[in-house]
Amino acid sequence: MPKKPRKKPVICLTSLTDCEGCLFAILDLGQRFFDLLKYFELGNFDLIEELPERPHYDIAIVEGTPITKENFKHLKELRKKSDLLISLGAYAHLGGIQQIKNWQNKDKRIYQVYKKIRGINNPDIKPIGKIVKVDFDIPQCPLNNEEFLRIMYQLKEGRMPRIVRRPVCYECQIRGYECLLQKDQPCLGPISIGGCEAICPGNSMYCEACRGTFPEADIKGLKKLIGKKEFDRVAQTYGALDEIEEVEKALKKK
Ligand code: SF4
Ligand code: SF4
């Protein structure tokens with residue numbers, strides 16, 4: 001008897017509130033993205049076309065953070081009906097750029113953007129992992145689409161993917177880039193998770209920790225070097241500051 005073909009896992013690629021840059025970066029893979037679909041069934045990809053919601057997904061990959069009531073409902077429903085829920089990019093993972101308002105007077109800020117419109121949802125921004133259980137984070141703003149492909153092929157093999165635990169400095173120095181910290185720039189490379197190939201220092205921009213931090217990072221030492229105010233300003237850019245403070249708290253408890 002011929003073997004029954006194995007059912008392909010059904011994936012959903014969706015966004016809450018954000019710029020959708022990570023989904024565009026996935027589309028930038030071109031043919032390589034379509035090759036991936038030999039192994040996964042695309043249940044939904046709302047950047048291309050909004051299809052009717054399925055009752056179940058094997059893997060839901062979520063970009064952005066919830067801001068509207070519909071976003072919160074969509075995220076919670078996705079969690080209920082998906083075996084694996086993965087955050088995609090710095091917004092979903094850390095809060096992203098829109099999280100900067102949490103550190104400011106957000107009620108005043110919204111009227112600078114929407115001068116005449118009232119009644120717009122303006123909650124504090126939280127990474128999706130603070131709202132529902134997240135099984136895995138794909139970091140960076142926007143994501144590294146090569147890393148995305150690697151992760152998807154690992155999932156296809158039934159393996160839980162892992163993100164490297166080395167600082168951006170490692171990737172920066174093996175490429176021979178000039179150290180911006182040594183030029184008095186507030187680079188967070190020493191405490192930021194690598195995997196981005198140090199793309200920012202490679203383009204003469206200091207690292208703003210868009211991939212988040214790791215428990216072994218010498219946060220105290222870098223803060224002392226850069227100064228707390230400047231450190232906090234840079235770490236707020238993509239939402240890493242909350243995560244950094246959590247790592248510091250956990251270290252104090254030890
Ligand atoms: S430029 Fe930044 S990432 Fe590169 S070595 Fe210096 S501190 Fe590290
Ligand atoms: S260098 Fe830093 S800010 Fe730039 S992509 Fe890498 S982790 Fe993100």
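1. Proline 127 sits in the loop that joins α5 (106-113) to β5 (136-138); helices here are DSSP runs of H or I with at least four residues, strands are runs of E with at least two, and both are numbered from the N terminus. Proline 127 is buried, with 22 other C-beta atoms within 10 Å. The cut-offs for that word are 20 or more other C-beta atoms within 10 Å for buried, 12 or fewer for exposed, and partly exposed in between, with C-beta atoms placed from the backbone. Leaving out residues up to four places away in sequence, Proline 127 touches Thr65, Ala92, His93, Leu94, Gly95 and Gly239, where a contact needs C-beta atoms, placed from the backbone, within 7 Å. With alanine 92 the C-alpha to C-alpha distance is 5.1 Å, although the two are 35 residues apart in sequence.

2. A word on the ground rules, before you go further: this is a predicted model, in which local features need pLDDT of at least 70 and side-chain atom pairs count only at pLDDT 80 or more, while totals for chains, interfaces and linings use all residues. Residues are numbered from 1 along each chain as its sequence is written, and chains are lettered from A and ligands numbered from 1 in the order in which they are written.

3. The loop between β5 and α6 (145-156) deserves a look at its backbone, as it holds proline 142. The peptide bond from cysteine 141 to proline 142 is cis, with omega near -15°. Glutamine 140 is found in the loop between β5 and α6 as well, and has a positive phi of about 90° without being a glycine. Glutamine 140 is also buried, having 26 other C-beta atoms within 10 Å.

4. Another positive phi, near 50°, belongs to alanine 198, again a residue other than glycine. Alanine 198 lies in the loop between α7 (168-174) and α8, and is buried with 22 other C-beta atoms within 10 Å.

5. Both of those residues turn up around ligand 2, whose neighbours include Gln140, Ala198, Cys196, Cys200, Cys207 and Cys210; a residue counts as near if its C-beta atom, placed from the backbone, lies within 6 Å. By class, this shell has eight nonpolar, two polar and two charged residues. Nonpolar means Ala, Val, Leu, Ile, Met, Phe, Trp, Tyr, Cys and Pro, charged means Asp, Glu, Lys and Arg, and the others, Gly among them, are polar. Around ligand 1 there are 14 residues, of which Cys169, Cys172, Cys179, Cys187 and Gly189 come nearest. That shell divides into 12 nonpolar, two polar and no charged residues.

6. Now the helices: α8 (residues 219-226) and α9 (residues 228-236) pack at about 115°, with axes 6 Å apart. Axes are lines fitted to C-alpha atoms, for helices over the stretch in contact, and angles run from 0 to 180 degrees between N-to-C directions. The pair is therefore roughly perpendicular, on a scale where under 35 degrees is roughly parallel, over 145 roughly antiparallel, 65 to 115 roughly perpendicular and the rest oblique. Leu222, Lys223 and Ile226 of α8 meet Lys228, Glu230 and Phe231 of α9.

7. The axes of α9 and α10 cross at roughly 120° and come within 7 Å, which makes α9 oblique to α10. Asp232, Ala235 and Gln236 of α9 make this contact with Ala240, Leu241 and Ile244 of α10. In α10, the buried residues are Ala240, Leu241, Asp242 and Ile244, and they pack against α4 (89-94), α8 and α9.

Note on methods:
Two residues are in contact if their C-beta atoms, placed from the backbone, lie within 7 Å.
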